[in-house]
Amino acid sequence: MPGDAKTRAGEPLLLTPGPLSTSPETKAAMLRDWGSRDSDFIALTARLRRRLTDLVRASGSHVCVPLQGSGTFALEAALGSLIPREGKALVLVNGAYGRRIAKICGLLGRAHEVLQSAEDTPPEAAAVAARLDADAALSDVVMVHCETTSGILNPLEAIAAATAARGRRLLVDAMSSFGGIPLDAGRLAIDGIMASANKCLEGVPGVGFVIVRERHLETCAGNSPSLSLDLHAQWRGLEDNGQWRFTPPTQVLAALDQALDELDAEGGVAGRFARYWENCRVLVDGMRALGFETLLADERQAPIIVTFLMPADPKFEFQSFYDTLAKQGYIIYPGKLTEADSFRIGCIGHLDAAAMRGVIAAVRHSLSILDVHDLAPAQGAAGTAA
Ligand SMILES: *Cc1c(COP(=O)(O)O)cnc(C)c1O
């Protein structure tokens, strides 16, 4: 795995939450044309559906329904198809992706209420339990596993237990964790998991998917207000003849199949989780040694993307910082917090600890170009609860 950005034939390393850096083999897997009704492609689709379901140990109970588009398309399809028209969702929000789920529920006309916590604070299972106990109309809990806005890991296990104990369904936006953080859908009693190809699976963008409890999906005919985003119809189409209802992203799926081979070769999700943690540790230790502060306390951090607080020094101008890093071959990500001025650096994709050390060296060089020496954030910018 190349650690030096300059070994990549002029391609920058993407330190973003996706799309992100993919392997040469994954890119090369796209150099073939596929007939969408051909038996080879039907077999590819079936294999992918099985492999994705196996990754969350859900074969037997759940089915994988793939869907064209970015992750949000899969999210919108899941919310519109899996929450009954007369149902009501409890949406847990501590960042932009949770807010997006609530917005989609509103646009789809699904009754919902929001349980809000601060952007650096995970939702509490006890609060979820209290809301469910107080309102018998709540049928579904919807949460984000890793809230990519901050990089926080939300307490899936405790919330799944509180939800299952009360007989409600749980839908999880695992977009930025699927394949990178171990997840057991069967043991945790999760009814729907929404994810996409181009984050921790290290595939290319263009397809999302939902892993759904089959017993529930069977009851979802006619729920969706959409034709193309109807998960039940998409599932029935695939089950009936193995074919996609509408033009499938053939090359994207071939790349995903190759990316899954690489995930297996790395030791599966556990192996990838270990590499991402190593990336995250090198990044956080290196940035702290330079003087940067993280938004999150370490025990709340997922090994996916790290939010750093913006230094108060006016010479630290984010666009210049970004540009000097890009010139050295590293693409970072702006912040998305509403509460603190920040920027983000991702730990995921086809990169290793050597690449992360390269990032730190590039950041040090950028700071000298910008002539910034004091990296303390503005007073009060730190969102981290001590
Ligand atoms: C990336 C992401 C999405 C989907 O984003 P798209 O741009 O539509 O692919 C949804 N939720 C979370 C938590 C994400 O990280």
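Three short exercises on single residues follow, each with a worked solution.

This is a predicted model, where local features need pLDDT of at least 70, side-chain atom pairs count only at pLDDT 80 or more, and totals for chains, interfaces and linings use all residues. Residues are numbered from 1 along each chain as its sequence is written, and side-chain values use heavy atoms, without hydrogens or water.

**Exercise 1.** Place E119 and describe its surroundings.

Solution.
- Locate E119: the loop between β4 (111–116) and α5 (125–134). Helices (H or I, at least four residues) and strands (E, at least two) are DSSP runs, numbered from the N terminus.
- Check burial and charge. E119 is buried and has no salt bridge. Buried means under 20% relative accessible area, exposed over 50%, partly exposed in between (1.4 Å probe, protein chains only). A salt bridge needs a side-chain nitrogen of Lys or Arg within 4 Å of a carboxyl oxygen of Asp or Glu.
- Find the nearest side chain of opposite charge: R99, 4.0 Å away. Lys and Arg count as positive, Asp and Glu as negative; His and the chain ends are not counted.
- List contacts (heavy atoms within 4.5 Å). Beyond four places in sequence, the partners of E119 include N94, R99, T149 and T338.

**Exercise 2.** Characterise the peptide bond from G18 to P19.

Solution.
- Read omega: near 0 degrees, hence cis.
- Place P19: the loop between β1 (13–14) and α1 (24–28).

**Exercise 3.** Examine phi and exposure at A189 and D371.

Solution.
- A189, not a glycine, has a positive phi of about 55 degrees. A189 sits in the loop between α7 (185–188) and β9 (192–196). Its relative accessible area is 27%, partly exposed.
- D371 has a positive phi near 60 degrees. D371 lies in the segment after α13 (353–370). At 38% relative accessibility, D371 is partly exposed.
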